Amino acid sequence: MTSDTTSHDLTALEITRNLLHAADTDIARFFGYFSTDCIFRMGNNDPVEGSEAIQEWVASYLGSVAGMRHVILEEWSDGNVTALHVNVTYTMNDGTTFTLPAVTRTRIEDGKVTEYLIFMDPSPVVAAR
């Protein structure tokens, strides 16, 4: 694990930016940002609790995804809570791509993500599975 995933010196916004970069480039590193009891929720899906359960959920969700790229359009941060308005471009295993708008909201405690909420409609990704 790199020092930026455990550093208490980074701001919540910096950690959240690093989290999204890791989602695009190194999924194992992405999971390293979560606390062991993190709460994760995407869209209208039920919340998932715990880093192991989150890894299982994400693996299932990304089963037909070859890659992702997040582009941050707007940022907001207040203390340990950060919200990012993003466009997420998914590249599917068959080579098709599509871009979805989303807002992510993170809560950071002791340098780890303890809550990660994704507000988007994931149905195009689910339909492509």
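This is a short chat about the sheet, salt bridges and empty spaces of a predicted model.

User: What kind of model is this, and how are residues numbered?

Analyst: It is a predicted model, in which local features need pLDDT of at least 70 and side-chain atom pairs count only at pLDDT 80 or more, while totals for chains, interfaces and linings use all residues. Residues are numbered from 1 along each chain as its sequence is written, and side-chain values use heavy atoms, with hydrogens and water left out.

User: OK, the sheet. What's the strand order?

Analyst: The order is β2-β1-β6-β5-β4-β3, an open sheet of six strands with mixed pairing. Strands here are DSSP runs of E with at least two residues, helices are runs of H or I with at least four, and both are numbered from the N terminus. Two strands count as paired if DSSP finds at least two bridges between them.

User: Which ones are the edge strands?

Analyst: β2 (48–49) and β3, each of which pairs on one side only.

User: And β6, how does it pair with β1 and β5, parallel or antiparallel?

Analyst: β6 runs parallel to β1, joined by five bridges. With β5 the pairing is antiparallel, over seven bridges.

User: Which residue stands opposite I118?

Analyst: M42 does. On the β5 side, V103 has F119 as its bridge partner, and T106 is partnered by Y116.

User: Is β6 enclosed or open to solvent, and why?

Analyst: β6 is largely enclosed by the rest of the structure, because seven of its eight residues are buried. Buried means under 20% relative accessible area, exposed means over 50%, and partly exposed is in between, using a 1.4 Å probe and protein chains only.

User: What about the β5 and β6 hairpin, which residue takes a positive phi?

Analyst: D110, with phi near 55°; the hairpin has two residues between the strands.

User: What does E109 touch?

Analyst: E109, in strand β5, touches N80 and T114, leaving aside residues up to four places away in sequence. Contact means heavy atoms within 4.5 Å. E109 and N80 are 29 residues apart in sequence, with their C-alpha atoms 6.9 Å apart. E109 is partly exposed, at 39% relative accessible area.

User: Switching to charges. How many salt bridges are there?

Analyst: Three, where a salt bridge is a side-chain nitrogen of Lys or Arg within 4 Å of a carboxyl oxygen of Asp or Glu.

User: Which residue does E75 pair with?

Analyst: R17, with an N to O distance of 2.7 Å. This pair links distant parts of the chain, since E75 is in strand β3 and R17 in helix α1, 58 residues apart. E75 is partly exposed at 39% relative accessible area, and R17 is also partly exposed, at 34%.

User: And which residues does E115 bridge to?

Analyst: E115 bridges to R105, with the closest N and O atoms 2.8 Å apart. E115 sits in strand β6 and R105 in strand β5, ten residues apart. E115 also meets R107, at 3.3 Å from N to O. R105, R107 and E115 thus form one network through shared partners.

User: Are those three buried or exposed?

Analyst: E115 and R105 are both buried. R107 is partly exposed, with a relative accessible area of 27%.

User: Now empty space. How many cavities?

Analyst: One of 30 Å³ or more. On a 1 Å grid over the protein atoms alone, a cavity is a set of points where a 1.4 Å probe fits but cannot get out, whereas a pocket is an open set with protein on both sides within 12 Å along at least five of seven lines; lining residues have an atom within 4 Å of a point. Grid points are joined across faces, edges and corners, and a volume is the space filled by probe spheres set on the points.

User: What's the volume of the cavity, and which residues lie nearest its centre?

Analyst: The largest cavity holds about 180 Å³. Its lining has 19 residues, with M42, M68, H70, Y90 and I118 nearest the centre.

User: How does that lining divide by class?

Analyst: Into 17 nonpolar, two polar and no charged residues. Ala, Val, Leu, Ile, Met, Phe, Trp, Tyr, Cys and Pro count as nonpolar, Asp, Glu, Lys and Arg as charged, and the others, including Gly, as polar.

User: And the largest pocket, what's its volume?

Analyst: About 170 Å³. It is lined by 14 residues, and the closest to its centre are A23, I27, L62, V65 and M68.

User: Which element gives the most to that lining?

Analyst: β3, with four residues. The lining of the largest pocket has nine nonpolar, three polar and two charged residues.
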